[in-house]
Amino acid sequence: MRKIKRVLVANRGEIAIRIMKTLKLLGIESIGVYSEADKLSKHISFADKAYNIGEPEAIKSYLNMEKIINTAKQANCDAIHPGYGFLAENPVFAKMVQENGLIWIGPPSECMKNLGDKINSRIIAQSAGIPTTPGGTIESIEQAHKLANEIGYPVLIKASAGGGGKGMRIVYDDKDLEDAIKVAREEAKAAFADPTVYIEKYIEDAHHIEIQFLIDKFGNGLYFPERECSVQRRYQKIIEESPSPTIDRQTAKKMGEAALLVTKKAGYHNAGTVEFIYDKKSKNFYFLEVNARIQVEHPVTEEISGFDLIASQIDIAEEKPIELSQDELNNRINGHAIESRIYSEDTDNNFMPSIGKIEHYREPAGFGIRVDSGFFEGSEVLIHYDPLIAKLIVKAPNRMMAIKKMYRALSEYHIAPIKTTIPLLKNIFKHKKFIEGDYNTQFLSIYKDELFNQKQNPIHLKEAIVLYEFLKQSSSDLTFSGEATLPSCWEMIGSWRG
Amino acid sequence: MAKIMSNINTNSEEFKKRYEFNKKKVEEINQIREELAKGGPEKAHEVNKKRGKLFCRERIEKVIDKNSPFLEIGPFVGYNMYNNEAPCGGIVTGIGKISGKEVMIIANDQTVKAGTYYPMTIKKHVRAQTIARENNLHCLYLVDSGGVFLPMQDEVYPDKEHFGNFFYNQAIMSSMGLLQVAVVTGLGTAGGAYVPAMCDQVIMVKNQSAIFIGGPPLVKAATGEEIDAENLGGADVHTRISGVADYLANNEEEALKKAREIFAHLPKQEKFKLDRSTPQDPLYDPDEIYGILPEDLSIPFDVREIIARIVDNSEFEEFKPLYGQTLVTGFARIGGYLVGIIGNNGIIFPESSQKAAHFVELCSLRKVPLIFLQNITGFIIGKKYEHQGMAKDGAKWITAISTTNVPKITIIIGNSYGAGNYAMAGRGYNPRFLWMWPNAKIAVMGPQQAADVLSSIKLAQLEREGKKLTQEEIEAIRKPILQEYEEKSSALYSSARLWDDGIIDPKKTREYLMLALEVTLNKQIEDVKFGIFRM
Amino acid sequence: MNIKVNNESLEYELLRKGDSYLLSYQDSSLPFQVFRYGNDYLVLNIEDNTAIVLDVYKAKNKIVIWAEDEEFIIEEISENETLSSHEVIENNIKSPMPGIIKEIKFMENDIVKKGDTVVVLESMKVLNELKSSVNGCIKKIYIEKGAQVGPLELLVEIEPKED
């Protein structure tokens, strides 16, 4: 067993804060890093000490492997936690960390490399007897036609190296196949510098279901109840809930066992997630990919299991064995949890990032409400990074109460003047189909007219008008921000000599 | 407001060429500025140090608020004049914040001929006081001067805006409630004695500063009395016996600290409440200005491209965009402050003159400061325009900008030729500040035309003498004339003579304007009263 | 008064009586009172005897108000929003001022794009680039290099073409 004493958290925003909070609980010192643009960001204040690692562009700071490792050594750290995004799934970095005598809080580098490649991970899954969506790599156009007809249309063309929807194409008819492959190859090449694409069956009533698991270095593993992540925009999740309203307990158990089987076979240890596509029509599930890191939506699992997954990651990195059995874990599970992602995006304008200063910020609070945020009032949402402001997680005894609680918490979440996903999320939690649990990955596009730009019949409109007039007229004790409080140019410019 | 859509291709060859050219030009200018800022010769600095005295620029750094700007006025004065004996004119002037107040600082450079006053020193001192008076700024004098530079006394002493004008200005400003403070760090002799004496509050440094109407040699010559400087008019004498000074400091640092305290206890002035919103940087990088300005000023460029790189969020609400298009007028914000901008996009026509006069009227009634971006070769000529009344339309404009009540700030970004200079608030029209860009030109007419006129006079004379000249001979006469003319219309030539307040880096124009605008607001904007507009 | 609430304009009338307000909106007229508590505001509907606490964000031209589970973005309708400049596009190239033709960059029947410089005119020491304001084809050129032209003379005729 090794005892970790000081950890460098190679990330920013809410996840850095989330990790640092647990480190503090465990009596471990945390070292933060920040780019020029993040000098005044919230995560720095949660670190025991923080270091400037370079220019705002991620490539020069949060993705600068050497700089981060040197900083860790300079600060006498014994481990690095990568969070998610940035360097979290970079096997080269994981290897470098270990070669520099530091502990990598994550899965082994070799295993990350094998699972990181989509084709390779499918082969591993198949060899473990886990079903994958029918399909295969495209070698030639003729072979592609043959394969597509075998598995049956519609089919999906995907980039081998990719994610995030880039290089992805749905084809409904044989005659469109050739063009789609061409375009997908070009996109894949532009986005990932690798034109390899593969073909797979496109599932129409598809659900995105994933299994969180933990595996220690002695081969003990645990799987958690499934998370349903089917509400997505641009192939990115905005709502996750656990357990799923779609699948039954028997299937959930099968998926959990499959997840452990495939990852153990790949030599995995630490926390991770296996993503599956669930076909509601046929009740089949297919292996999709492994996320070899802590995920954005991990709090959902934490809320219903009582586990601190970051603490578990550190335990495993410290070579502690998992002592709990799967049955014991199953007995601990209770209630229902939902997470909403609050992005600074203009939902009525194709989810364009909305950057700028958060001038007004109030978080919701109360029983069963958790906010993992990376911002405070006055913080700036920067163009250089992911526009995730916070994650709002609620927990309640059952799904219906969780939805109600989420709606109330979203109403209490006041952010201005930047635009956020809050209004859209509120519409989703009021939507009949969502409430009934009858939704799949197409939810946002099918019901877009009801969910976006929705006209309401507001109840408190009159009060709002009166208050507006009151604010406009009683100007003596109240100046509209924009006057009086503005800094003088002489103060703004600072030490300047022309 | 509408955002300006830029048409500049930053990847074009032309852009890159212009960028390199202007960048080099700015570097050259910066180098000259740095050289001038060193003040007098190395030896003089050594002597100064030996006496335990600070350099005037060090004094300024110590007296202004930490982390605050210093807006220097006239940093190129004296360049290539007086055999380069008086860099910066031997005096450093500029606006800095002292204990939160904007103050005009006038500091003698004792390393330049013992801080004596050359003609340009006088001009710069008076210019600094004028800025203070026009913008309601308090003044701090860091006195360390041996009085007038005797060899040139005829050019510094007798006239209206010469030495005597200093004290008149001090008295007037004091009566306006603008505090006049002196820190005497060296000698204040003869006329120099009156700079501190005319101040509201005076600080002297023990064993270092002295003030007297006549120094020890003069006393000896006149009365036979033998006395040293300290006993004649030292800090002790004036703070204990004569009452000429008010505070005694043990050293310079203490004296400068005292000055900060004096300003700290001054009530804050009410600034003019100009409409303001949250400041925003321009959408386009000001650095791109380098790639927009052509090397050759006869090639036109769209002034909107410059405006886009100066104003908040690149937003510009253009006034009369379809009328008199060789002049661009409109409203924008700089540092959040609402301003009116007038820029040139070609020569001036009767329509553009009327448009300008109209726009100046708008700004005057609304009390919105005016920014002029000069790139002007003149007014249109020819029968059609004379008959149309070009002169009376030009007169309307000049009447408007002369009698307007709002602060004017002028930047010469390109050409400044002929009457165009007047209409665009040249020096004669009392803009509160006037700056030039490094490649800008100022003269009564363009160099090619001037050289033609000048050489044709000479050629005519030679022809009368019966000489027949070849093309080469003509060129040989024309070329030196052209060269001299070009040199005399350069920004450096102008700035050395204080025809402007300094040459500035185009990409820093926004900061200059932000600082200057706030300075002008110290003075309330009165109601406007125009003269007669010729109709 | 005319304002925009959540991007929809609406009309109302408001009377101030001492410290209470009388709001006429749609068909009803209701009395209200407003109280301030720190950064929160309590709005009392006197007739219904109901009170509600509102949270507010104020910017220069916009106010955001949160009332229970509703969010209102209120903006004043500015007059210039309805204004837009109408420009009549001139296809042909005319001389904006008298001058000398320095350069003609195209020949008849050439295709020009919007923004292409067609003619360079020297006037008063300045080289003026006269640009095409449309995509099109050069139909006729009326001038030649070195020609002296007066103001508003037709120099080049351009036939506009789609694409």
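Let's start where chain B meets chain C: salt bridges between the two come to zero. Keep in mind that this is a predicted model. Residue pairs in polar contact between chain B and chain C, with both residues at pLDDT 80 or more, also number zero.

So what does the contact look like? Chain B puts in 19 residues, and chain C puts in 13 residues. Between them, chain B and chain C bury about 1300 Å², and 69% of that lies on carbon and sulfur atoms. On the side of chain B that touches chain C, you'll find nine nonpolar residues, seven polar ones and three charged ones.

Now for some strands within chain C. Strand S9, residues 70–76 of chain C, has antiparallel pairings with S1(C) and with S8(C). Here is how those two pairings look:

| Strand of chain C | Pairs with | Sense | Bridges |
|---|---|---|---|
| S1(C), residues 2–5 | S9(C), residues 70–76 | antiparallel | three bridges |
| S8(C), residues 62–67 | S9(C) | antiparallel | six bridges |

One residue to look for in S9(C) is Ile74(C). On the S1(C) pairing, Ile74(C) is the bridge partner of Val5(C). Ile74(C) is also the bridge partner of Ile63(C), a link that goes with the S8(C) pairing.

How many residues sit between S8(C) and S9(C) in their hairpin? There are two residues between these strands, and Glu68(C) in the turn has a positive phi of about 45°.

If you follow the strands by eye, one general point helps: side chains in a regular strand alternate between the two faces of the sheet.

Notes:
Residues are numbered from 1 along each chain as its sequence is written. Chains are lettered from A and ligands numbered from 1 in the order in which they are written. This is a predicted model: local features need pLDDT of at least 70, side-chain atom pairs count only at pLDDT 80 or more; totals for chains, interfaces and linings use all residues. Side-chain values use heavy atoms; hydrogens and water are left out. Contact means heavy atoms within 4.5 Å. Buried area is the accessible area (1.4 Å probe) that two parts lose on being put together, summed over both. A salt bridge is a side-chain nitrogen of Lys or Arg within 4 Å of a carboxyl oxygen of Asp or Glu. A polar contact is a pair of N or O atoms within 3.5 Å; within protein, one must be able to donate a hydrogen and the other to accept it, and residues adjacent in sequence count only if both atoms are side-chain atoms. Ala, Val, Leu, Ile, Met, Phe, Trp, Tyr, Cys and Pro count as nonpolar, Asp, Glu, Lys and Arg as charged, and the others, Gly among them, as polar. Two strands pair if DSSP finds at least two bridges between them. Helices (H or I, at least four residues) and strands (E, at least two) are DSSP runs, numbered from the N terminus.
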